[in-house]
Amino acid sequence: MKIEISQQALEWFVQEMEARSGEWIQFYARYGGSSILHEGFTLGMTKAEPDEAAIQQDENGIHFYIEERDLWYFDGHGLHVHLNEDRKEIEFDYKKGS
């Protein structure tokens, strides 16, 4: 499993979340809503330092990660983060085995 961040998504994190080199962005399972992977759960994101990072991807010095306790959410899928150009919002895609 891996995390992929598009260049447009990386720029969004820098502009909208004011992410800077050396900072950590966590992707985590949160209760509520619905995703293509799990009914009743969606993916959240926040600036936070890891407790037990299982997966990490560094882009321009910004550390994107998923904690060990949240791996169940991905069910063997990789996380692909991109920007919806029309809505100017982050979107997530999940690809089995990547």
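**Figure 1. Overall fold of the protein.** Two helices and seven strands make up the secondary structure of the protein. This is a predicted model. Read from the N terminus, the order of elements is β-α-β-β-β-β-α-β-β. The radius of gyration is 13 Å, close to the 13 Å that the globule rule gives for 98 residues, so the protein is as compact as a globular protein of that length. The C-alpha trace spans about 35 × 30 × 25 Å along its principal axes. Of the contacts with a separation of 6 or more, 50% link residues 24 or more positions apart.

**Figure 2. Surface and charge of the protein.** About 5600 Å² of the protein is exposed. Carbon and sulfur atoms supply 42% of that area. Buried residues account for 42% of the 98 residues. The protein carries 9 positive and 20 negative charges. The mean positions of these two sets of charges are 3 Å apart.

**Figure 3. Close-up of H80 in strand β6.** Strand β6 covers residues 77-84, and H80 is part of it. Is H80 buried or exposed? Its relative accessible area is 8%. The cut-off for buried is under 20%, so H80 counts as buried. The side chain of H80 makes a polar contact of 2.9 Å with the side chain of E4. F92 sits 12 residues from H80 along the chain. The C-alpha atoms of H80 and F92 are separated by 5.7 Å.

**Figure 4. Close-up of A29 and W72.** A29 belongs to strand β2, whereas W72 belongs to helix α2. Strand β2 runs over residues 24-34, and helix α2 over residues 71-74. A29 and W72 are 43 residues apart in sequence. In space, their C-alpha atoms are 8.7 Å apart. A29 is buried, at a relative accessible area of 18%. W72 is partly exposed, at 40% relative accessibility. Which residues does A29 contact, leaving aside its neighbours within four places in sequence? They are T42, L43, D70, W72 and Y73.

**Figure 5. Close-up of E18 in the loop between α1 and β2.** Helix α1 covers residues 7-16, and strand β2 covers 24-34. E18 lies in the loop between them. What is the sign of phi at E18? The value is positive, about 55 degrees, although E18 is not a glycine. Most residues other than glycine have a negative phi. E18 is exposed, with a relative accessible area of 52%. The cut-off for exposed is over 50%.

**Figure 6. Close-up of D75 in the loop between α2 and β6.** Helix α2 covers residues 71-74, and D75 is in the loop between this helix and β6. D75 is not a glycine, yet its phi is positive, at about 45 degrees. How accessible is D75? Its relative accessible area is 45%, and D75 is partly exposed.

**Figure 7. Close-up of E85 in the loop between β6 and β7.** Strand β7 covers residues 89-96. E85 is placed in the loop between β6 and β7. At 41% relative accessibility, E85 is partly exposed. How far from E85 is G61, C-alpha to C-alpha? The separation is 24 Å. Along the chain, E85 and G61 are 24 residues apart.

Notes: Residues are numbered from 1 along each chain as its sequence is written. This is a predicted model: local features need pLDDT of at least 70, side-chain atom pairs count only at pLDDT 80 or more; totals for chains, interfaces and linings use all residues. Side-chain values use heavy atoms; hydrogens and water are left out. Helices (H or I, at least four residues) and strands (E, at least two) are DSSP runs, numbered from the N terminus. The radius of gyration is taken over C-alpha atoms; the globule rule is 2.2 Å times the number of residues to the power 0.38. Buried means under 20% relative accessible area, exposed over 50%, partly exposed in between (1.4 Å probe, protein chains only). Contact means heavy atoms within 4.5 Å. Accessible areas come from the Shrake-Rupley method with a 1.4 Å probe; for residues, only the protein chains shown count as cover. Lys and Arg count as positive and Asp and Glu as negative; His and the chain ends are not counted. The place of a charge is taken as NZ of Lys, CZ of Arg, CG of Asp or CD of Glu. A polar contact is a pair of N or O atoms within 3.5 Å; within protein, one must be able to donate a hydrogen and the other to accept it, and residues adjacent in sequence count only if both atoms are side-chain atoms.
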